[in-house]
Amino acid sequence: MNPTSHPTDIGRRRAPDALSGLTIVLPCLDEAENLPDAVRYATIAAERCAAAHEIIVVDDGSTDETVAVAGRLAAVDSRVRLIVHGENRGYGVALRSGIAAARRPWVLLIDADLQFDVGELETFLPLAASSDIVVGWRILPQGPIGRRVGGALFNRVVRAAFHLPVRDADCAFRLVRRDLLEHLDLRAAGALIGPELLAKGAAAGARVAEVPVHHRIRVAGRQDGAGARLSPRTLRELAGLRHALHGGVPPKVGA
């Protein structure tokens, strides 16, 4: 046995087009009930889809036991790391913290609420060799009607604002090359982080691919309101991003 291997790596069949390395970023806000399964499923998917991996749990000011649960998971698997925000700073900030801490060549950004099957990452792999960003598009978005309507409106607004080459600009299932992320200077604090990544990536010449994914109803944990997608803060960030993209020099994709 390789002394650097992990016991659960042994005997797990790896995909033929597996990535050389993968960081999975799991942003959390009051996800204590979901986190054990989220990390377990992420571990299984990563062992199947990458030669080496790490999982970064980013707690964004949870008021439940999320930090304690994440700490226990990290204590038994050195590939699990924990970042804690002392107060709620926003979804975008949580993702940016995870991205900044990532060490592997590819970064998977996916929520810890179990509304996506992280095992579907395997369907992204055939496109990774010829892409810089591979994003999911939800075949049938789930959740309360108000949230779905708000999400659809937000998606239409950001796609039109930035001429994004995807059907689902707000899908929280994104596989991105780390060298690209290092050059994008993401700044959104909230819901605009996904569209910002796509807009700045496209401006940098990134190759973008899209894969259909299934979306599931949340069964535990905290459900954010649909209105947060079109909050005054998000609209201000959207206006600022439009100005930056039209008035500034786009970043260049790393070699």
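Buried means under 20% relative accessible area. By that cut-off, strand 2 (residues 53–60) is mostly covered in this predicted model, with 8 of its 8 residues buried. The points below take strand 2 and its neighbours, then the loop residue S131.

**Burial of strand 2**
- In a regular strand the side chains alternate between the two faces of the sheet.
- Both faces of strand 2 are covered.
- One side carries H53, I55, V57 and D59, and these are buried.
- The other side carries E54, I56, V58 and D60, which are buried as well.

**Pairing with strand 1**
- Strand 1 (residues 22–28) runs parallel to strand 2, and 7 bridges join the two.
- L22 has H53 in strand 2 as its bridge partner.
- Between these strands the chain passes through helix 1 (residues 35–49), in a β-α-β crossover that is right-handed.

**Pairing with strand 3**
- Strand 3 (residues 80–85) also pairs with strand 2 in the parallel sense, over 6 bridges.
- Opposite I55 of strand 2 stands V80 of strand 3.
- Helix 2 (residues 66–76) lies between them in the chain, and strand 2, helix 2 and strand 3 form a right-handed β-α-β unit.

**S131**
- S131 sits in the loop between helix 4 (125–128) and strand 5 (133–138).
- S131 has a relative accessible area of 4%, so it counts as buried.
- Its side chain reaches the backbone oxygen of L127 at 2.8 Å.
- Leaving aside residues up to four places away in sequence, S131 touches W106, R177, R207 and A209.

Definitions and conventions
Residues are numbered from 1 along each chain as its sequence is written. This is a predicted model: local features need pLDDT of at least 70, side-chain atom pairs count only at pLDDT 80 or more; totals for chains, interfaces and linings use all residues. Side-chain values use heavy atoms; hydrogens and water are left out. Buried means under 20% relative accessible area, exposed over 50%, partly exposed in between (1.4 Å probe, protein chains only). Helices (H or I, at least four residues) and strands (E, at least two) are DSSP runs, numbered from the N terminus. Two strands pair if DSSP finds at least two bridges between them. A crossover is right-handed if, with the strands pointing away from the viewer, the path from the first strand over the helix to the second runs clockwise. A polar contact is a pair of N or O atoms within 3.5 Å; within protein, one must be able to donate a hydrogen and the other to accept it, and residues adjacent in sequence count only if both atoms are side-chain atoms. Contact means heavy atoms within 4.5 Å.
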